[in-house]
Structure formats: structure tokens, C-alpha cells
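Here is a brief report on one protein chain. It begins with a single residue and works outward to the elements around it.

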Amino acid sequence: MGQSASTALITSRRDSNRSSHRSKSKFTVPIIPMQVEEQTEFIFCEGPDYISDLPDECLACIFQSLNSGDRKRCSLVCRRWLRIEGQSRHRLSLNAQSDLLPLVPFLFSRFDSVTKLALKCDRRSTSIGDEALVAISSRCRHLTRLKLRSCRELTDAGMAAFAKNCKALKKLSCGSCTFGARGMNAILDNCASLEELSLKRLRGITDGAAAEPVGPGLAAASLKTICLKELYNGQCFGPLIIGSKNLKTLKLFRCSGDWDKLLQVISDRVTGMVEIHLERLQVSDTGLAAISNCLNLEILHLVKTPECTDMGLVSIAERCRLLRKLHVDGWKTNRIGDDGLSAVAKYCPNLQELVLIGVNPTKISVELLASNCQNLERLALCGSDTVGDAEISCIAAKCVALKKLCIKSCPVSDHGMEALANGCPNLVKVKVKKCRAVTYECADWLRTNRGSLAVNLDCGEPEHQDASASDGGLLENVVEFHSVANQMPLPSIASSSTGRSTSFKSRLGLLSGKHLVACTLRRWSGGNSSSRG
């Protein structure tokens, strides 16, 4: 009686003669507190465990809607959840160090439905070798996607054995690996359903005349996307590109050699490409003239290709009249300007997105673009010495479809920004950075006069523009299991059925001041993929 009410606790009482025929699982829940002789008594009653009645398929659907961390926590609830979570996981990312090998049988007996696998190793560690890759492939014969990062112990023999076991592969991405042309040819000869191929710093591709050609193989008939980055001899992939008759997207970043002649052959054989990226590549107007044979071209990125001039851009504009997105980083060489952009304005009325970096257009080409490209929705002007108040006023007056505008390191002042108050009726977002003549007072005034307009202003010192796609600039930023009872400890796993590894890169882009345009365009691109389809 003397015990405090806050500390007193009378445990639940169960009726000794309750019905014994109730076979369903029970769980206890507190109902209401009752005052009995100055003590608090918690009465518990039993209710049905509805989750136990859920079929495995329903529980698996629930797990697939969770993020990676929540899935891991759910797997610790009970043995049933552990089993269902493992069997319903289709995407898995593993730390691919050499000590992964003994755990492969256990891992893939639990995760026996994996179709998308990432194997990533730290550059300072020893990666898995051929034996581990072959063991994985023998247990994941339905694998459709594979990503390899810094797996430097893999050889041509290991890749060949993998290719024979995983013939359903549709997407392969390799970075900083050391296998070479023979391993690649084995993939192309065995994986007839391969649709996407992305290679970066593939060390085993030898340079010079001794390089073994890659492709075309059986995969050439199904390939739709090829991306080559930082390859010493990327031109040895020429047979593969030329043989890929259904190729839609070609991306070439920092690959050595003169590409003009190869682009001529490619464009004669592969005419259905709709997206081409060229970055820091030895290509001239001759190569651009060859690309103009791709009459269905919709997206073109020219980044730091100093030998490309207005003449090459004119040849593209005159023949590729379906162009929707154009990104040009002129590297401040002044070789692309009014003439090339005027041709785009004249022949490409479907243009929806235009990004100009280190290019110096004047009011002449800006006015033509604003008048003729009535579908222009996204415009970025960065590092231009000629884009000032007159050009912004022209954009405000004539770009009626414009929704997103980004201005960086241009001689624009408050006067030009004020024109946006009554222009561009569909404008929803403006980002201004390192335009020192634009004040915060003007930005506040613009927000007040156009309440629905989001204005982002960052006044700072001008800096060198770098829009490199492969090193995280404008065009590509764009953007552990705990042990349970009787369970073998697992290596660090970062996996999700719904997540994407690019989310980390996106957060880096948002935190980095130099990626204003990158972050903007990455968000814009989400709404454009559907229009293309």
C-alpha cells in the first residue's frame, strides 16, 4: 500500500480456464490503467497476430518498398522475416575485397533472387579475384546487371567464365579494372541480351597497334548504349560501335586518338543514334559533319572540344532538325558563337534545353533562339562575357515557354533581372550565381512581384567554369548486416531494392558551390525523360 502509484506495476493476469482451442498466435497489448487501492494496474489482453497471417508474397512486397536500412532492421525481427527479406531482395551491393570469397556460398544461399549486383573495392585493398567472381556467377545465373569498381584482380579468364554463367546480362558497368579485350569479347560473345555497356579506365586495354579489337560479338545486335571513359585506346572498340546497328546513345569521354575518321565510319553504319556526348575528345568539324548523318539526333553534348567551330555546329543544325537538347562548353575558345547558334535557332525549332558554357553569344543569336525555339523550357548561360542586360531582357520578352533559367558568371545587373518580373509567363525558377552586379534587394523585389517564382541568388567571386562530365562537373553530377542467432557474420553490404548509388553523388553536388548548374539540370532532367519516350 505504501508503494508509489508511479512505480507500482501489476502484471497481466490470464484466466486459467481460457479456451484451449484458440490456435492463432497471440500478442499482448496494454489496454487501460485502472486505479485499485491507490495502485496502477495494467490489464493486458491478447489479440490476433495479423502479420503472421500475411502470405510471404505480401510481406515481400512490403519489404521491397522500404529503404536499405529498414530492410536490414526487418530482417532481424524473426527467422521468417529474415528468409523472406533475403529471397525478395533483387539488388545487392557488396564490398568486393578478397575476404569475400569464403562468404559467397552463405550470402547467395540467403540472397538467391539477386538480379542486380554491384561489387566495389577500395583502391587501397586487394579485390576479389576470378575464383570469387566465378562462384558468384554460378549462384546468380539470372543476373541482369553487374557493376564492377576497382576489382583489379579480375582477369580475362575470370570474365570469360562469368560470361558463360550469366548469359542474361543486360547492363555491364566497369571502372578501374584490369582485364582487357579478351574479357570484353567473351562478354560480347556470350551475353546476347546486353543493352548497356559502360567502361571507365579499363587498364587491360593496351595501347598502340598491338591492341586487340573489341566486338562486335552477339551483343552488338542488342546494344543500345555505349559509354567509354578515359581509355588509352578507346578506338579499339570501333568494331563494336560500328556493328551495333540498334545503338541509340554513344558517350565518349577523354579517350585518346583522333576520332574524326572513326566517327565517319560509325555514322555511315549506325544512323539511328539519338544521343551523342563528346567530351575532351580530339574531334573537329569533320567529325561533327559525320554526326549530322544521324538525322534522328535529339541530344548533343560538346564539352571542351576546341577543334569544333561554328561550321561543325551549322552542319549539325541543318540536318539534325529533331534536336531537343544542346550542351556546349566552348572552353572560352570563341570558336562557337552567333553563327552556330543562329543556325540552331533556324533549323531546330523543337529545342527544349540549351546550356552554353564559355560561349559568347550576342543579342543577335539570343533573339533568334528566343523567337524561333518556342518550346525552349530550360536555359543555362555560364561564363559568358557577352550575356548582359540586353540579352536577358530579350529572353524575358520572347521566351514564353521558359520554365528554368540559370545564369552564372555573366555581366548581368539588376536592370536585366527586373525584366523577368513581367516576362517569361511560365518561369518557375531562376538561379543566379557569381553575377556581382545583381543584388539581393533585386532578388527580394523579384520574389515579391512574382510570388510563384523561386529565385536563388548567390553573389560571389567569378571562378573558372568547369563543366567536365566525367569528373563530376556540369553534365554528370548531371547529380552492414548485424549478426543474429546461428547466423554467420556478413561483410559490409550497402543494398536496396529501390535506392540508387547516385543519391550520394547528388548530395555531393548540392553541397558543392561549383555545381550550381549541375544540380539544377539534374532536377530538370527528371521531367524530360518521359517526353522523349
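## A glycine in a loop

G217 is partly exposed, because its relative accessible area is 29%, and partly exposed covers the range from 20% to 50%. The model is predicted. G217 sits in the loop that links β7 to β8 (225-229). Leaving aside residues up to four places away in sequence, G217 touches L188 and D189. I187 lies 30 residues from G217 in sequence. In space, the C-alpha atoms of G217 and I187 are 8.5 Å apart.

## The α7 and α8 pair

I187 also takes part in a helix contact, on the α8 side. Helix α7 spans residues 156-165, and helix α8 spans residues 181-190. Their axes lie 8 Å apart and meet at an angle of about 10 degrees. The two helices are therefore roughly parallel, since angles under 35 degrees count as such.

Which residues of α7 meet α8? They are D156, M159, A160, F162, A163 and K164. From α8 come R182, G183, A186, I187 and N190. By type, the contact holds six nonpolar residues, two polar and three charged.

## Strands β6 and β7

Strand β7 has two faces. L197 and L199 form the covered face. E196, S198 and K200 form the uncovered face. In a regular strand, side chains alternate between the two faces of the sheet. Strand β6 runs parallel to β7, and five bridges join them. Within this pair, S173 stands opposite S198 in β7.

## Helix α12

Which residues of helix α12 are buried? They are D310, G312, L313, S315, I316 and A317. These buried residues pack against two helices, α11 (285-291) and α13 (338-347), and two strands, β11 (299-303) and β12 (325-329). In an α-helix, residues three or four places apart point the same way, because there are 3.6 residues a turn.

## The whole chain

The table gives the overall values for the protein chain.

| Property | Value |
|---|---|
| Helices | 20 helices |
| Strands | 17 strands |
| Buried share | 50% of 533 residues |
| Accessible surface | about 24,300 Å² |
| Carbon and sulfur share of that surface | 52% |

Methods. Residues numbered from 1 in each chain as written. Predicted model: local features only at pLDDT ≥ 70, side-chain atom pairs only at ≥ 80, totals over all residues. Heavy atoms only, no water. Helix = DSSP H or I, 4+ residues; strand = E, 2+ residues; numbered from the N terminus. Buried < 20%, exposed > 50% of the residue type's maximum accessible area, 1.4 Å probe, protein only. Areas by Shrake-Rupley, 256 points an atom, 1.4 Å probe, with all protein chains shown as cover. Axes fitted to C-alpha atoms, helices over the stretch in contact; angles between N-to-C directions. Parallel < 35°, antiparallel > 145°, perpendicular 65-115°, else oblique. Contact = heavy atoms within 4.5 Å. Nonpolar A, V, L, I, M, F, W, Y, C, P; charged D, E, K, R; others polar. Pairing = 2+ DSSP bridges.
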